[in-house]
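Visitor: I would like a close look at the ligand site of this model, and then at the sheets elsewhere in the chain. Please keep to what can be checked by eye.

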Amino acid sequence: MSKTKQTKRVTPASRDTLRTMPDTLPGAFFVLDHADTIVYANASAQAMLGTPPKALCENNFWHCAPHLVSPMLHQAVRQTKQTRALTEVQYVSPITQNWLHVHLAPMVGGLTLQFHEASAPARPQEVFPQGEHLCAYLAMTGIDITARKRAEAAIHTLIDAIPQLVWTGRPDGYINYCNQRWRDYTGMSAEQAQGNGWMQCIHPEDRQRVLAVWQRAVQTGQLCEAEQRLRQGTTGAYRWFLMQATPYKDGQGTILTYIGTCTDIQEQKRVEQKRIADALHQSQELIHALIDSNIIGITSSAVEGEVLVEANEAFLRMTGYSREEVRSRTLTRARITAPEDAPLLARAIQEVITHGQHTPFEAELVCKDGSRLSVLLGGVLLQEQPRQMVAFVLDNSARKELEQRKDDFISMASHELKTPLTALKMQASLLHRQLARQGILQAAPALSSMEAQLNKVIRLVGELLDVSKIQAGRLEYAQEPVDPDALLREIAETMQHTSPSRTLVVRGAAQTCLIGDRDRLGQVFTNLISNAFKYSPDTETVEIDLATSEDVVMVRVRDYGLGIPQEQRDKIFDRFYRVADPKRKAIPGLGIGLYIVAEIVKHHGGTITVDSAVGKGSTFTVTLPRTRDACAVDARGERVN
Ligand code: ADP
């Protein structure tokens, strides 16, 4: 570039030249007014954006020129307006990915922007050459914005008259006006509030949240709403306001401005906060009532820890431990729970870790004096970090005592009944035989029926005694080799004999030997077969299948009778449980047969399962562990040693 300074006079004849001059400038050239509305765009700008002049002029620059927009440009525009100085900036276009070098210049009523596009960033002196350079023309531009300024002034006078806090914002989120009421309340001047200045009067705790809501609204062109605390300029106190801003758009849907209001909601907030505080207070009272209640013992501890860190009065009273022992952290889970319940407790804690609570279970607590207290325990996770749990302890001893008394009664009653019944049966048999020997046969049928009924009662009383013994852990078992094939054949023969109208089919053979109590195992199969008969009133056949695998002997008892509803299948092995349905009402029983069966099978290390379909029948499967070498059985099922 020449160092010689040249000057040219612009004559009236060259006015056309002046008008078309910006078109000859390299790169896009824009003139914007204060509201960033495009007042002029040169030919390169229109070519660069691919938009006709009409669609550019009178529209907001930020919406029309997505190729050119960047946060850096926003900042540069703001800076130019504030400093009234020439500004330069360069950045990558978000759309073309080319480098844009921009020269911003302030002017009366707005500013000019000149864009240069390049594939690489320029060194500073290349963007806009510094130092001395040739000036061919000095162009001065001016736009008549008197009408617009008047209109704005009229709007501001109107807004100032509103007794509410009102403000306006530009489409790019820049706050450009706050009304008199707003200024009076906050004590800030219009200049102080401009841009992001308004945030200074928002409570520090609300600032980030409100700014994020406002920025999101500006990005999406949506309504904006947020609750915030605004500082009162005179007192420095904060009051709650509801901030709402609405975008106003032109016919093409372009946002022209945002109008925002701040409504005082201090009173509503106070009422709401009081309601929350009252509710919290009420629930705290309830919790205290629960904690202080005499009914439920409450303890708290770290889930993975051992020590009880807190316990309420009810717990201490139940167990006899002192508050001092809790305070000194000497009460551990291991110390207060019965050793035999330790596995149950470990499982419950695992459940709390995975599900946040555990299924209540019965256990025994070891009291301070060494006595045992029967309790029902439930536990929930109280907090995650660090993991704390609360346990609820319900004194179960009254119920347990009642149960114990009932069990004692059953045990005593069956004992008392057993001796006279056995004697009665012996007398009846003796009488039967004596009369037969003397040839007196008239009384024989009545005596047979008497013996049969006595057998039933004796069996029932025997079962009741067994239940008592199981409860007390006193059921005794013999240990002897048992041939399951012979046992099943024998039982099947007897039962077929007593129920001649039924068909009992025995299939397969175990061909192996078990170690166990022959009579007790006999009791298992007799019970299953007699149930199969009892609960198939309209069908004849009951099938028994025997099989052996490498480890177990399997016996299946199948009937085609009433079946058992799905939801009751697990319960039928419980003590005194009977399936309640009208079809079974007339079928006698005490609900103890399967309980005894399950206990005997369990004692032998086996399993019992049931498969059933209502109205189609049931299959009970018993597996018993095979004991190899305990006894050998030949191919025909005969014992050989
Ligand atoms: P019960 O004395 O009532 O027969 P059990 O303990 O032997 O007592 O059986 C418990 C319940 O299981 C019975 O009330 C009956 O409803 C059901 N049940 C047992 N065996 C069968 C079966 N083979 N078919 C249908 N229901 C059965």
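Visitor: Which residue has a polar backbone atom 3.1 Å from an oxygen atom of the ligand?

Guide: That residue is Gly-591. The model is predicted, so local features need pLDDT of at least 70 and side-chain atom pairs count only at pLDDT 80 or more, while totals for chains, interfaces and linings use all residues. Residues are numbered from 1 along each chain as its sequence is written, and side-chain values use heavy atoms, with hydrogens and water left out.

The shell around the ligand holds 20 residues, where near means that a heavy atom of the residue lies within 4 Å. Asn-531, Tyr-535, Asp-559, Arg-578 and Leu-594 come nearest. By class the shell has ten nonpolar, six polar and four charged residues. Here Ala, Val, Leu, Ile, Met, Phe, Trp, Tyr, Cys and Pro count as nonpolar, Asp, Glu, Lys and Arg as charged, and the others, Gly among them, as polar.

Two side chains make polar contacts (pairs of N or O atoms within 3.5 Å). A ligand nitrogen is 2.9 Å from a side-chain N or O atom of Asp-559, and a ligand nitrogen is 3.0 Å from one of Arg-584. The protein covers 97% of the 530 Å² of accessible area that the ligand has on its own (Shrake-Rupley method, 1.4 Å probe). Helix H19 (518-534), helix H20 (593-603) and strand S22 (617-625) each give two or more residues to the shell. H19 gives the most, with three residues. Helices (H or I, at least four residues) and strands (E, at least two) are DSSP runs numbered from the N terminus.

Now the sheets. One open sheet has five strands in the order S7-S6-S10-S9-S8, with antiparallel pairing; strands pair if DSSP finds at least two bridges between them. Strand S7 (175-178) and strand S8 (224-231) are at the edges with a single partner strand each, so one side of each has no neighbour in the sheet. From one strand to the next the twist averages 25 degrees; angles run from 0 to 180 degrees between N-to-C directions, along lines fitted to C-alpha atoms, for helices over the stretch in contact. Eight bridges pair S8 with strand S9 (residues 238-249) in the antiparallel sense, and Glu-227 is opposite Leu-242 in S9. Helix H10 (residues 204-220) lies across strand S6 (165-169), S7, S8, S9 and strand S10 (255-264), at about 150 degrees to S8. Contact here means heavy atoms within 4.5 Å. Helix H11 (residues 266-292) lies across S8, S9 and S10, at about 125 degrees to S9.

Another open sheet also has five strands, in the order S12-S11-S15-S14-S13, again with antiparallel pairing. Strand S12 (308-311) and strand S13 (357-366) are its edges; each has a single partner strand, so one side of each lacks a neighbour in the sheet. Neighbouring strands are turned by 30 degrees against each other on average, direction ignored. S13 pairs with strand S14 (residues 372-383) over eight antiparallel bridges, with Leu-365 opposite Leu-373 in S14. Helix H16 (residues 397-437) packs on this sheet and touches S13, S14 and strand S15 (388-395), its direction making about 140 degrees with that of S14.

Key:
A polar contact is a pair of N or O atoms within 3.5 Å; within protein, one must be able to donate a hydrogen and the other to accept it, and residues adjacent in sequence count only if both atoms are side-chain atoms.
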